[in-house]
There are 2 protein chains.
Amino acid sequence: MEATGTQAGKEKQILAAARRIFATTGYYQARVEDIAREAGIGKGTVYEYFTSKEELYLQMLLEIADSYASGLAEVIGRPGDLREKLLGIGRHLRDFLQEHGQLARMFLQDPGPVNRKLQDHLLQIRRETVQQVEKLLAAGAAAGHMRPVDTGVAARFFLGGLAGVLLPGLIEELAPPEALAMTVDIFLQGIDSS
Amino acid sequence: MEATGTQAGKEKQILAAARRIFATTGYYQARVEDIAREAGIGKGTVYEYFTSKEELYLQMLLEIADSYASGLAEVIGRPGDLREKLLGIGRHLRDFLQEHGQLARMFLQDPGPVNRKLQDHLLQIRRETVQQVEKLLAAGAAAGHMRPVDTGVAARFFLGGLAGVLLPGLIEELAPPEALAMTVDIFLQGIDSS
DNA sequence: AGGCGAACTGACTGCTGGGTCGGATCGGAA
DNA sequence: TTCCGATCCGACCCAGCAGTCAGTTCGCCT
């Protein structure tokens, strides 16, 4: 009764613990008992809320993926010019990586029964993201000053480049704060036609 | 005696089998027995050549990583202007992903005792790659027409962007052949100052 | 107080799979 | 042909852990 845990909150509690444990050890090395301990409950209780380790893992990743996707959509929806929006996307990605850095790499984890089920969902999110950026670029093209590059390639290049600049910051050394703006600027000049 | 396997060749044989099995199932799902079967030998024999599953895995990944790194250095060393070299890097990455697509994601796999030991080596390779590209860019800057962007950010942006354009081709749909050149062009214009 | 169901628990079970090892097989030297 | 070391093999051993379940505690109602 000392920890947070009023009835339905227990599920959240377990998910949060799972996030921490899975993030540090990965799926296979994580023991359900560790997650239970981290959540301050008994192992059996985990199975009152989730039918299996795999299901718990799935639930956790989907939750995170969805929060990322909806956050991104919100950022893109905010008013502003192209540069402002691209910066917003970058910031959103940066914040996400800061919070879920270790978990993010799990989206690229090895295949297997666990991830098979995730693939469709994650692919869907990725497609949507690319499409949203494409739409931004198409709008920019319509507004004039943009040379006629393939928006699909440009969108993927931009997103991949962002990851290339931001992700290493977590595993290598911290990316300087101005790296984000630089990236956007290089990209913008890259597609500019003025 | 039907398969290839003359003495020292057996180690290569096992490594090749390991590559195939690990690529399809990932580290944890792969059973040593499967690898042995795939290599056409008994499970015990695997342990004549490798002390453990983990060591076999490590050996395999390091081999691939090194072949990637040395191939890249060779490509960069070839004479040609900046555009030609960047294209070469892209082609090299594309070919590598085509051959080792599934394994490539393993470099980003979950943490744990297995990968800990790899981290330094892979980080080293990544740093070298970034530095080599930085050097190319610095040379381009010296040669004149290039605005003064941070070469570190630009290099990471370029490499990440390449991966963003090429990797999805494997998991999503095939990247069109011209995507590579487009990527390089966008990037080049992005850093151009003429 | 007392009774009841819901929530919780961790000792226990069964299985999976890494690593071992005694014995089989091979191939070349004498 | 015989012998011997090197190589190969897979049945066996056992540690680790997901999932179960019989028993306990909790908290609410009467």
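Me: Which residues does A:Arg147 contact, leaving aside its neighbours within four places in sequence?

Reply: Read a contact list by chain letter. This is a predicted model. On its own chain, A:Arg147 is in contact with A:Gly190, A:Ile191, A:Asp192 and A:Ser193. On the other chain, the list holds B:Asp185, B:Ile186 and B:Gln189. Neighbours within four places in sequence are left aside here.

Me: Where is A:Arg147 placed in chain A?

Reply: In a loop. The loop runs between helix H6 (113–142) and helix H7 (151–166) of chain A. Now set sequence against space. A:Arg147 and A:Gly190 are 43 residues apart in sequence, yet 9.0 Å apart in space, C-alpha to C-alpha.

Me: With which side chain does the side chain of A:Arg147 make a polar contact?

Reply: With that of B:Gln189, at 2.7 Å. B:Gln189 is also one of the residues of H9(B) that meet H9(A).

Me: How do I read that helix pair? At what angle do the axes of helix H9 of chain A and helix H9 of chain B cross?

Reply: Take distance and angle together. The axes of the two helices, residues 179–191 in each chain, come within 7 Å. They cross at roughly 110°. Angles of 65 to 115 degrees count as roughly perpendicular. H9(A) and H9(B) are therefore roughly perpendicular to each other.

Me: Which residues meet there, H9(A) to H9(B)?

Reply: H9(A) brings A:Ile186, A:Phe187, A:Gln189, A:Gly190 and A:Ile191. H9(B) brings B:Ile186, B:Phe187, B:Gln189, B:Gly190 and B:Ile191. By class, the contact has six nonpolar residues, four polar and no charged.

Me: Take A:Ile186 from that set. Is A:Ile186 buried or exposed?

Reply: Check the relative accessibility against the cut-off. Buried means under 20%. A:Ile186 is at 1%, so it counts as buried. Its contacts include B:Arg147, B:Val149, B:Ala154 and B:Phe157. A:Ile186 also touches B:Phe187, B:Gly190 and B:Ile191. Within chain A, the C-alpha atoms of A:Ile186 and A:Phe158 are 9.8 Å apart, with their positions 28 residues apart along the chain.

Me: What does A:Leu87 touch, beyond four places in sequence?

Reply: Start with the element. A:Leu87 lies in helix H5 of chain A. Its contacts are A:Leu180, A:Ala181 and A:Val184. At 9% relative accessibility, A:Leu87 counts as buried. The C-alpha atoms of A:Leu87 and A:Phe187 are separated by 11 Å, though the residues are 100 apart along the chain.

Me: And A:His100: buried or exposed?

Reply: Apply the accessibility test again. A:His100 is buried, with a relative accessible area of 12%. It is found in helix H5 (residues 82–106) of chain A. Leaving aside neighbours within four places, A:His100 is in contact with A:Arg19 and A:Ile64.

Me: Over to chain B. Where is B:Ala155, and what does it touch?

Reply: B:Ala155 is in helix H7 (residues 151–166) of chain B. It touches B:Val130, B:Val133, B:Glu134 and B:Leu137, not counting residues up to four places away in sequence. At 0% relative accessibility, B:Ala155 counts as buried. Its C-alpha is 38 Å from that of B:Ile35, and the two are 120 residues apart along the chain.

Me: Now the DNA. Which residues come nearest to DNA strand C?

Reply: Look at the residues, then at the strand atoms. Of the 15 residues around DNA strand C, A:Lys10, A:Gly42, A:Thr45, A:Tyr49 and B:Lys43 come nearest. Sugar and phosphate account for 68% of the atoms of the strand that come within 4 Å of the protein.

Me: Which atoms of A:Lys10, B:Ala30 and B:Tyr47 pair with phosphate oxygens of the strand?

Reply: Separate side chain from backbone. A polar side-chain atom of A:Lys10 lies 2.4 Å from a phosphate oxygen of DNA strand C. For B:Tyr47, an N or O atom in the side chain is 2.9 Å from a phosphate oxygen. For B:Ala30, a polar backbone atom is 3.2 Å from one.

Me: Which helix gives the most to the surface near DNA strand C?

Reply: H3(A), with four residues. Helix H3 (43–49) of chain A and helix H3 (43–49) of chain B each supply at least two residues of that surface. By class, the surface has six nonpolar, four polar and five charged residues.

Me: Last, the whole chain. How many helices and strands has chain A?

Reply: Nine helices and zero strands. Buried residues make up 49% of its 194 residues. Among contacts in chain A between residues at least 6 apart in sequence, 68% join residues at least 24 apart.

Notes
Residues numbered from 1 in each chain as written. Chains lettered and ligands numbered in written order. Predicted model: local features only at pLDDT ≥ 70, side-chain atom pairs only at ≥ 80, totals over all residues. Heavy atoms only, no water. Contact = heavy atoms within 4.5 Å. Polar contact = N/O pair within 3.5 Å; in protein donor to acceptor, adjacent residues only side chain to side chain. Near = heavy atom within 4 Å. Nonpolar A, V, L, I, M, F, W, Y, C, P; charged D, E, K, R; others polar. Axes fitted to C-alpha atoms, helices over the stretch in contact; angles between N-to-C directions. Parallel < 35°, antiparallel > 145°, perpendicular 65-115°, else oblique. Buried < 20%, exposed > 50% of the residue type's maximum accessible area, 1.4 Å probe, protein only.
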